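Reader: I've got this one open on my screen and I'd like a close look at a single part, the sheet. Could you walk me through it, and then show me what else sits around the chain?

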Amino acid sequence: MLEFFRRHRGAFLITLTVIIILSFSVWGGWRGSSGFEQRRAQPSDVAITMFGEDHTVADVLRADRSLRFAMQHMQNYELLSSLMMISGGRGFGGGDQVSALLLARHLMEKMGVRVSDAEAQSALEQLPALQTNGKFDRSRGQMLEEMAGSMGFDSKELLLGIMKDTLGLKKLQEVVAGGYSASPLAAEKQYASHFQTFSGAKIVFETETFKKTAKITDEEIKKYYEENKENYKTPEKRAVSYVLFENPRDLEKKPLEERMKAQNAQVERVNAFNKLANKDGKDFAAAAAEAKEKVVTVPAFTQAEPPAALKGEGSLLEMIFAGGEGTRAEPVEGSAGWYVYDVTKVEAPRQQSLAEAREKIKDTLLDQKAAELRSKAVNEARLALIEGLKAGKKIEDLAKEKKLTLEALPSIDAANPPTEVPNGYLIAQQAAKTAVGGVSAAIDYDKGTLLVYVRAKELRKRSDSAEQRKNQELSLSQQESNSIFQTWFKKQTDAAKIVNKFGPA
């Protein structure tokens, strides 16, 4: 069903995990409501109705736990990504994938889609999580079964059930949209677009150039300050006293026993002082004097501009600016050793005057005005170039006439833009959409905007052209099949008239 997801599975794993956990979280604490009274849903209560058929809270929770197990322990991302694709976040409320699974099971039953135990077992053994060196690892399978059993599942029923859902969805799509084949012409166009090589030139509009001509008046600065003064405050400052327990020196040169002895001594000193300094009402300096430890006192500073001794100690600075005045945290490990500190003063942010905020406001307005001037120049240039080219003029003459700098581009392979060409990927994307002899749409990048003139395109011979053409045809067919299936599933969703009996807690 999802060849794209299979090819790029690694890039989606974190995103999938976050989305699915968020989607699932709604089911665990459902409460029913009646007037002002609420009660926790019982397993036998009806949770969802679709096609007039009721599904209890127990049904929903079983489906939920099944999907959780598939993701977290079986690494069966195909099932999860398939459900995400067909659910689309439409109208199910929370737990879209659970609802989609229940609906998919109903449709499989209705359409006569069946998956045998043998098919499910074979697919189970093909899961990467259960393989070693490309072959099914029986010991991994046993571990998975034991894990399912320890969580209260019927292991065989759960594992085969998950694979039946996975294969069933694929079979359901084959029934609905499996007969679609992309036209050879469409596949050839996609192949040409993906693998063509083009040559041309670019015209660069750098933001810095427009900053030189942008003018900002005092009235504009004053007006902006009055409208946004809440955003212009001095940064908070904090003063601290701290004791640094430096890391033992030349540890790597010492024998293991000496290293451990030195490290243990450091830890004991840190813990002893921390316990003493955190006694009720104990003065930090007095605690340091009693423990014969050196206190370093630092005047108020901002988190962005710490004193030289604390630069690079990100974790320590975050802790210092997290609590209130008088905060003494647990020891914090830094690059130089362990710190125990006391926040002695907090200077709250104060409103900046217009004079203090003037330069920052000027820079902000300059950026805005330069962007406006750049956008106007790009649009005017592009329109003039397009009209001039239509009139039969040469790009070089037009660039000279409009005082634009035309920079030649090397030959660029659309599928693999050269890394040495700045913004090569963005250029290749737009060039693929632009006809020969045409000017691309505006290409924004971090320093400004580009226009690309496409001088020529060439589809060069490749040793793997037959294979790549076939891949493009299969990819296009799969995309269209997915689209057809999504549309069909959406219609079935509407016809099911799904009703959630419970909402999020």
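Author: Sure. In this predicted model, the sheet is an open one built from four strands, and reading across it you meet β12, then β7, then β14, then β13, with antiparallel pairing. The edges belong to β12 (406-413) and β13 (443-445), each of which pairs on one side only. Go from strand to neighbouring strand and you'll find them turned by 35° against each other on average, direction ignored.

Now look at β7 and β14. Residues 197-206 make up β7, residues 448-458 make up β14, and the two run antiparallel with ten bridges between them. If you want one spot to click on, try Ala 201: its bridge partner in β14 is Tyr 453.

Thr 197 is another good stop on β7. Is this residue buried or exposed? Its relative accessible area is 7%, and the cut-off for buried is under 20%, so Thr 197 counts as buried. Leaving aside neighbours within four places in sequence, Thr 197 touches Ser 411, Ile 412 and Asp 413, and also Ala 456, Lys 457, Glu 458 and Arg 460.

Something lies across the sheet, too. Helix α15 (residues 354-390) crosses β7, β13 and β14, and runs at about 25° to β14.

Moving off the sheet, take the helix pair α4 (residues 77-87) and α5 (residues 96-111). Their axes are 9 Å apart and the packing angle is about 90°, so α4 is roughly perpendicular to α5. On the α4 side the contact uses Leu 83, Met 84 and Ser 87, while α5 brings Asp 96, Gln 97, Ala 100 and Leu 101. Sorted by class, that contact has four nonpolar, two polar and one charged residues.

Leu 83 turns up again in the largest nonpolar core, which has 48 residues; along with Phe 69, Met 74, Ile 162, Met 163 and Phe 489, Leu 83 is among those touching the most other members. Elements giving two or more residues to this core include α4, α5, α8 (155-177) and α18 (465-496). In soluble globular proteins, nonpolar side chains tend to be buried together. For a feel of the surroundings, pick Met 163: beyond neighbours within four places in sequence, Met 163 is in contact with Met 74, Asn 76, Ala 120, Ala 123, Leu 124 and Leu 127. There's also a second, separate core of 15 residues, with Leu 389, Ile 395, Ala 399 and Val 439 among them.

How values were computed. Residues are numbered from 1 along each chain as its sequence is written. This is a predicted model: local features need pLDDT of at least 70, side-chain atom pairs count only at pLDDT 80 or more; totals for chains, interfaces and linings use all residues. Side-chain values use heavy atoms; hydrogens and water are left out. Two strands pair if DSSP finds at least two bridges between them. Axes are lines fitted to C-alpha atoms, for helices over the stretch in contact, and angles run from 0 to 180 degrees between N-to-C directions. Contact means heavy atoms within 4.5 Å. Angles under 35 degrees count as roughly parallel, over 145 as roughly antiparallel, 65 to 115 as roughly perpendicular and the rest as oblique. Ala, Val, Leu, Ile, Met, Phe, Trp, Tyr, Cys and Pro count as nonpolar, Asp, Glu, Lys and Arg as charged, and the others, Gly among them, as polar. Buried means under 20% relative accessible area, exposed over 50%, partly exposed in between (1.4 Å probe, protein chains only). A nonpolar core is a set of buried Ala, Val, Leu, Ile, Met, Phe, Trp, Tyr and Cys residues joined through side-chain atoms within 4.5 Å.
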